[in-house]
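Welcome! Here is a short tour for anyone opening this structure for the first time. Take a look at the sequence and the model, and then read on.

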Amino acid sequence: MATSTPTRGAHGSKPDRRAPKAISPGRQAWRSRLWRFDDKASPYAYIAPFFLVFGAFGLYPLIYTGWIALHKVEMTNLDQMEWVGWENFSTILQDSEFWTAVSNTFIIGVISTVPQLLVALGLAHLLNYKLRASTFWRTIILTPYATSVASAALVFALVFRVDGGLLNWLLSFVGLDGIDWASGHWTSKIAIAVIVIWRWTGYNALIYLAAMQAVPSDLYEAASIDGASRWQQFRNVTIPALRPTILFTIVISTIGSMQLFGEPLLLEGGANGAQGGSEHQYETLSIYLYNYGWNLLHLGPAAAVAWAMLALLLLIAAINWLVGRVTRKSAA
Amino acid sequence: MTTTHTVTAPDRRSVSKNDVPGAPARRNRFKQGAGRQHHAGPFAYIALAVVGFGSLFPLYWTLVAASRSQEEILDSTPPLIPGGNLFSNLEAAWEQAQLGKAIWNTLIVSASITAATLFFCTLAGYAFAKLRFKGRGALMTMVIATLTVPPQLSVVPLFMMMSDIGWGGQLESVIFPTLVSAFGVFFMRQYLLEALPYELIEAGKVDGANNLRIVWSIVLPVARPAMMVLGMLTFVQTWNDFFWPYLALNQDNPTLQVALGQLSASYVPDQSIVMAGALISTLPLLIVFVIFGKQIVGGIMSGAVKG
């Protein structure tokens, strides 16, 4: 910072806005300098903790993951890193289990996200009516959000059991044979999707409800004057108004489904859980990463999996951006 | 993610409901959204009741299973009402999974993360909402972008770092990476944008308060309702966190969720004891939910992105 001695104010070539203050006693000049510094620096001081913590425990490890992925590192000896180049990447890319995990993650993501968001949309529409005890209903549908992945996965594991599972017991009433949910390729994915749907539908419904309440009612009045039915109003007024929110929930749910870990781990528990089923039928990418790093103790390939996940995430973001552009154009 | 975010303070709706009679009629027309003018028919109540039943039943059945024996819950006719084994199961879970230590650990982790999140996110949220500084827009975009980075991407080096620092298996390794949250910054910013008028800050300045003083005596009191909500959301989230704690902590020093995961994963477990553990880990949050459900619902709705 420039000095604020009176001489500078007198001889400085630039017009000095601080001239009046420079004349006043030195103490006041010091105070005003402090003021200005306070004003300039405080915002950065207030946001610094976020960026420091994120930098140290988020961004730095994220980049470092790429470096580890090019090395051989064993969980048993973390200090020793041996350069292996692209070997870890070629190992996982040639592993059919990796591709199983990619397709499982994708399939479970779709069959959990799509029904979840559709139901949430319908629920939000119901909650948006004039309801008795509306807070009660909202709280009830949000309750699963307060449950942990572990508790939810464990209670649903019992519901989906072959023998004495609640669901198979119910199926027996309609004369159906019990289903071995966890062993089947589709049924196990459906079971995991159900856990996800159970935990998150209410949460998404509340987000949609908030967005619906921001839609000006003029639009509905105009639509009903034009003779639009309630269904037409929902399709032509509500849905377009909610488009950004819907996109937002799709992004969030997609990222969430990339992370599925506790649900598959605990569906059967034990050794089967740790490798995503006896035939990897419900192994997700997170389970695959965990298995490489924390069961097989090879951290190099585990880091390579993390970067493969990053690549997938960027791919999804790109697709999402494209879809967003196309739908915006067709809407205009 | 770069949609425009309209601001909504949690108490906005209740304020507009008490509009002064003389206020312009135009504001009222924007007050209510889709379908609000229509009363819900019986179909709506039936549908809500079905969904509500689906939401609550697994929780109820956790209690049923936790209060029965393994044989009873795996019977070909599973029980639908609680039995008499609750306390013996709770005791067994308590011993097998060191739940006492796990509860203590979870409390330490959740409380310290919640306190830190509230402090740092309120400060950052205030700066982003009301202070002018170079790079504000770009930095806020970065904050929001970090929302999309899953923890999976950084767990491997994080694990190595923690063992380097000497935090391997320690609670610090779970606490420190979560001290701040992008959602928290965003949430506080949205709230303060609307709830904190510039006039208040100006008045503080005229009275000769420095920035820290303004934060302490003006921003914090205004932010208190939003901090309550953010605190509850953060607490619920950290209490339930599973992935990173499961990788970072070991059997001797688990959080509740980790202990629960180990209880079910380590050997052939007794399901009724596992469910007793699940009940212990869920019950505190359910109580929080029964008491503060309304605020949490309001918080999620106000944190929602409206574009």
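A good place to begin is a single pair: the side chains of A:Asp39 and B:Lys205 form a salt bridge, with 3.6 Å from N to O. Please keep in mind that this is a predicted model. From that pair we can move out to the interface between the chains, and then to the parts of chain A.

**The salt bridge in context**

- Over all chains, the rule counts two salt bridges.
- A:Asp39 belongs to helix H3 of chain A and B:Lys205 to helix H11 (residues 198-206) of chain B, so this pair joins two chains.
- Across the interface of chain B and chain A, the number of salt bridges found is one.

**Where chain B meets chain A**

- On the chain B side, 114 residues are in contact with chain A, and they touch 100 residues there.
- About 9600 Å² is buried between chain B and chain A, and carbon and sulfur atoms give 75% of that area.
- Polar contacts also cross this interface: 15 residue pairs are found, with both residues at pLDDT 80 or more.
- Which element gives the most to the side of chain B that touches chain A? Helix H3 (residues 42-66) of chain B does, with 16 residues.
- Sorted by class, that side of chain B holds 72 nonpolar, 31 polar and eleven charged residues.

**The two domains of chain A**

- The domain assignment divides chain A into domain 1 (33-83) and domain 2 (87-331).
- Taken over C-alpha atoms, the centres of domain 1 and domain 2 of chain A are 31 Å apart.
- Contact between these domains of chain A involves 13 residues of domain 1 and twelve residues of domain 2.
- Together, domain 1 and domain 2 of chain A bury about 960 Å² between them, with 70% of it on carbon and sulfur atoms.
- In domain 1 of chain A, the residues that lose the most area to domain 2 are A:Thr65, A:Ala69 and A:Met75, which together make up 48% of what that side buries.
- How many salt bridges does the rule find across the interface of domain 1 and domain 2 of chain A? The count there is zero.
- Six residue pairs are in polar contact between domain 1 and domain 2 of chain A, both residues being at pLDDT 80 or more.
- Helix H3 (26-68) and strand S1 (71-74) of chain A each supply at least two residues of the domain 1 side that touches domain 2.
- H3(A) gives the most to this side of domain 1, with five residues.
- By class, the residues on this side of domain 1 of chain A are eight nonpolar, four polar and one charged.

**What the UniProt record adds for chain A**

- An unreviewed UniProt entry lists "transmembrane region" for residues 44-70, 106-127, 139-160, 190-211 and 304-323 of chain A.
- One of the spans is residues 106-127 of chain A, which is 100% helix and 0% strand, with its end C-alpha atoms 31 Å apart.
- Residues 304-323 of chain A are likewise 100% helix and 0% strand, and the end C-alpha atoms of this span lie 29 Å apart.
- The unreviewed entry also carries the annotation "domain: ABC transmembrane type-1", covering residues 102-320 of chain A.
- Across residues 102-320, chain A is 76% helix and 0% strand, and the end C-alpha atoms lie 18 Å apart.

Conventions
Residues are numbered from 1 along each chain as its sequence is written. Chains are lettered from A and ligands numbered from 1 in the order in which they are written. Side-chain values use heavy atoms; hydrogens and water are left out. Domain bounds come from an automatic or database domain assignment. Contact means heavy atoms within 4.5 Å. Buried area is the accessible area (1.4 Å probe) that two parts lose on being put together, summed over both. A salt bridge is a side-chain nitrogen of Lys or Arg within 4 Å of a carboxyl oxygen of Asp or Glu. A polar contact is a pair of N or O atoms within 3.5 Å; within protein, one must be able to donate a hydrogen and the other to accept it, and residues adjacent in sequence count only if both atoms are side-chain atoms. Helices (H or I, at least four residues) and strands (E, at least two) are DSSP runs, numbered from the N terminus. Ala, Val, Leu, Ile, Met, Phe, Trp, Tyr, Cys and Pro count as nonpolar, Asp, Glu, Lys and Arg as charged, and the others, Gly among them, as polar. UniProt positions are given in the numbering used here, feature names are shortened, and annotations may be inferred rather than shown by experiment.
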